[in-house]
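Here's a quick briefing on how a protein chain sits against its DNA. Have the model open while you read.

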Amino acid sequence: MKKKTDKYSFFENVYEVVKLIPKGRATSYGAIAKYLGAARSARMVGYALNSCFAHADKIPAHRVVNRNGMLTGKHHFPDEYPMDEALRKEGIKVKDDKIVDFKAVFWDPSIELSL
DNA sequence: AATGTGACATACC
DNA sequence: TGGTATGCCACAT
């Protein structure tokens, strides 16, 4: 329900999409940005996730990686819960901070959510 | 309003 | 493979 603002922040949108990512899947910043209608705001997606820890809800930010499937954001995760470990627990294989067979687990919101 | 920022994407070397 | 440079855009200050 909307109050004063008709639209939520771009961040809120990012959080919503990330939370919709199925277990064992992963997507890219660019894909999310595109789905939100701002394909050139991939940086904003990462920016948003940077604040995800401050966000009230739990954001599976570990399911969001860059275009190469590389865990570029792992350095931003808490040491107690590394990004690659989180992914492994969901069945995603990670090697050298990169998702193995990324395209196999790739989850594109602009496709999956439009079915 | 202006400036700084960045977990990207792409290009180039 | 990795460093540098540029474009890009929404948010923070």
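What follows covers model confidence, then each DNA strand in turn.

This is a predicted model, where local features need pLDDT of at least 70, side-chain atom pairs count only at pLDDT 80 or more, and totals for chains, interfaces and linings use all residues; side-chain values use heavy atoms, leaving out hydrogens and water. Residues are numbered from 1 along each chain as its sequence is written, and chains are lettered from A and ligands numbered from 1 in the order in which they are written.

**Confidence**
- Chain A averages a pLDDT (the predictor's confidence in each residue, from 0 to 100) of 89, and 94% of its residues score at least 70.
- Residues 1-6 stay under 50.
- Where pLDDT is low, don't read the predicted coordinates in detail.

**DNA strand C**
- Around DNA strand C you'll find Ser9, Phe10, Phe11, Arg40, Ser41, Arg43 and Met44 (near means a heavy atom within 4 Å).
- Of the strand C atoms that come within 4 Å of the protein, 59% are sugar and phosphate.
- A polar backbone atom of phenylalanine 10 is 2.6 Å from a phosphate oxygen of strand C.
- A side-chain N or O atom of arginine 43 sits 2.7 Å from a base oxygen of strand C.

**DNA strand B**
- Strand B has 18 residues around it, with Arg43, Leu49, Phe53, Arg67 and Thr72 coming nearest.
- Sugar and phosphate make up 47% of the strand B atoms within 4 Å of the protein.
- A polar backbone atom of asparagine 50 is 3.2 Å from a base nitrogen of strand B.
- Phosphate oxygens of strand B lie 2.8 Å from a backbone N or O atom of arginine 67 and 3.1 Å from a polar side-chain atom of threonine 72.

Terms used: Contact = heavy atoms within 4.5 Å. Polar contact = N/O pair within 3.5 Å; in protein donor to acceptor, adjacent residues only side chain to side chain.
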